[in-house]
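Student: Could you take me on a close look at the inside of this protein, meaning the core and the empty spaces in it? I'd like one connected walk-through, please.

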Amino acid sequence: MANTTGSTAVAAAVQSEEPIRWATIGDSIAQGAHWTGAERDYVQLLEERVRYELTRTTDSFVRWAVSGATTADTLNRLPAALAQSPDLVLIGVGTNDAKAGPDGLDKFADQYDTLLSTLQDTGATVVAQTPTAVLRTSRYNLGDHLPAYAETIRTVAARHDVLLVDHFAHWTTAGNGWAPAEWMADPTHPSGRGHRVIAKTLFETLDLFAAGSACCRLLEN
């Protein structure tokens with residue numbers, strides 16, 4: 001898959017007959033760990049949309065996301081992920097980085113820049129994502145720190161000209177500056193419903209959303 005940018009690159013790839021190797025890197029939200037309960041997480045919903053509904057049965061999905069991971073952790077694990085030669089990489093980091101507060105922001109910006117550069121150098125199409133918002137009661141004062149980290153992701157993604165899925169903007173708009181409580185499993189982690197919201201924003205940004213899709217209708221519940 002060519003190293004192009006934006007939703008057009010993803011749409012063109014999905015419309016082609018060439019198999020896509022999808023990879024997800026990041027933290028517990030990207031891993032779909034624990035807090036979704038028995039419900040599917042956003043990556044499983046994406047795979048359902050791509051491999052079942054769009055009948056791209058030769059596409060593959062591999063996750064290298066780990067609960068608790070920071071951007072530094074993700075960089076350390078990157079060689080194993082890149083050994084699989086992914087064509088399209090979804091990044092889901094930032095929440096754990098934000099625990100460092102303002103003092104960690106410059107380091108985060110440098111590491112995120114390195115992450116994007118390393119991925120782009122492989123020829124993969126990169127999809128950056130801002131974190132989801134949190135509740136007021138979240139630990140580490142994440143609600144105070146996450147806006148700056150989300151803005152850093154926006155800035156670095158724009159500099160690299162990669163597609164950005166801005167979950168943080170959507171969630172803080174819907175929750176008046178915070179995560180809507182009905183989308184959360186605890187003060188920090190999205191529930192199954194929250195993952196459906198993530199999936200819908202992802203589908204819309206990647207031009208994969210279709211009103212007639214059974215998978216997309218699941219996201220409304």
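Tutor: Sure, let's start with the packing. The largest nonpolar core has 61 residues, and the members that touch the most others in it are W22, L46, I91, Y112 and F203. Helix 6 is the top contributor to this core, giving 7 residues. Keep in mind that this is a predicted model.

Let's zoom in on I91, one of those well-connected members. Setting aside residues up to four places away in sequence, I91 touches I25, then Y112, L115, L116 and L119, and also V126, V127, A128 and Q129. Y112 is therefore a name you meet twice, as a partner of I91 and among the core members with the most contacts to other members.

Now for the gaps. Rolling a probe the size of a water molecule over the atoms shows where empty space is left. Across the whole structure, the search turns up 3 cavities of 30 Å³ or more. The largest has a volume of about 110 Å³. It is lined by 14 residues, and I29, G92, T130, P131 and T132 are the closest to its centre. Two elements give two or more residues to that lining: helix 2 (28-31) and strand 3 (88-92). Sorted by class, the lining of the largest cavity has 7 nonpolar, 6 polar and 1 charged residues.

The second largest cavity holds about 40 Å³ of space. Around it you'll find A133, V134, L142, G143, L146, F168, T172, G177 and W178. Here the elements that give two or more residues are helix 6 (142-160) and helix 7 (167-174). Helix 6 supplies the largest share, 3 residues, so the helix that gives the most to the core also turns up in the wall of this cavity. By class, this lining divides into 6 nonpolar and 3 polar residues, with no charged ones.

One last stop, A69. This residue sits in the loop between strand 2 (60-65) and helix 4 (71-82). Buried or exposed, then? A69 is buried, because its relative accessible area is 1%, and the cut-off for buried is under 20%. Leaving out neighbours within four places in sequence, A69 is in contact with G26, D27, T74, R77 and N96. As for distance, A69 and N141 are 72 residues apart in sequence and 18 Å apart in space, C-alpha to C-alpha.

Technical notes
Residues are numbered from 1 along each chain as its sequence is written. This is a predicted model: local features need pLDDT of at least 70, side-chain atom pairs count only at pLDDT 80 or more; totals for chains, interfaces and linings use all residues. Side-chain values use heavy atoms; hydrogens and water are left out. Helices (H or I, at least four residues) and strands (E, at least two) are DSSP runs, numbered from the N terminus. Buried means under 20% relative accessible area, exposed over 50%, partly exposed in between (1.4 Å probe, protein chains only). Contact means heavy atoms within 4.5 Å. On a 1 Å grid over the protein atoms alone, a cavity is a set of points where a 1.4 Å probe fits but cannot get out, and a pocket is an open set with protein on both sides within 12 Å along at least five of seven lines; lining residues have an atom within 4 Å of a point. Grid points are joined across faces, edges and corners, and a volume is the space filled by probe spheres set on the points. Ala, Val, Leu, Ile, Met, Phe, Trp, Tyr, Cys and Pro count as nonpolar, Asp, Glu, Lys and Arg as charged, and the others, Gly among them, as polar. A nonpolar core is a set of buried Ala, Val, Leu, Ile, Met, Phe, Trp, Tyr and Cys residues joined through side-chain atoms within 4.5 Å.
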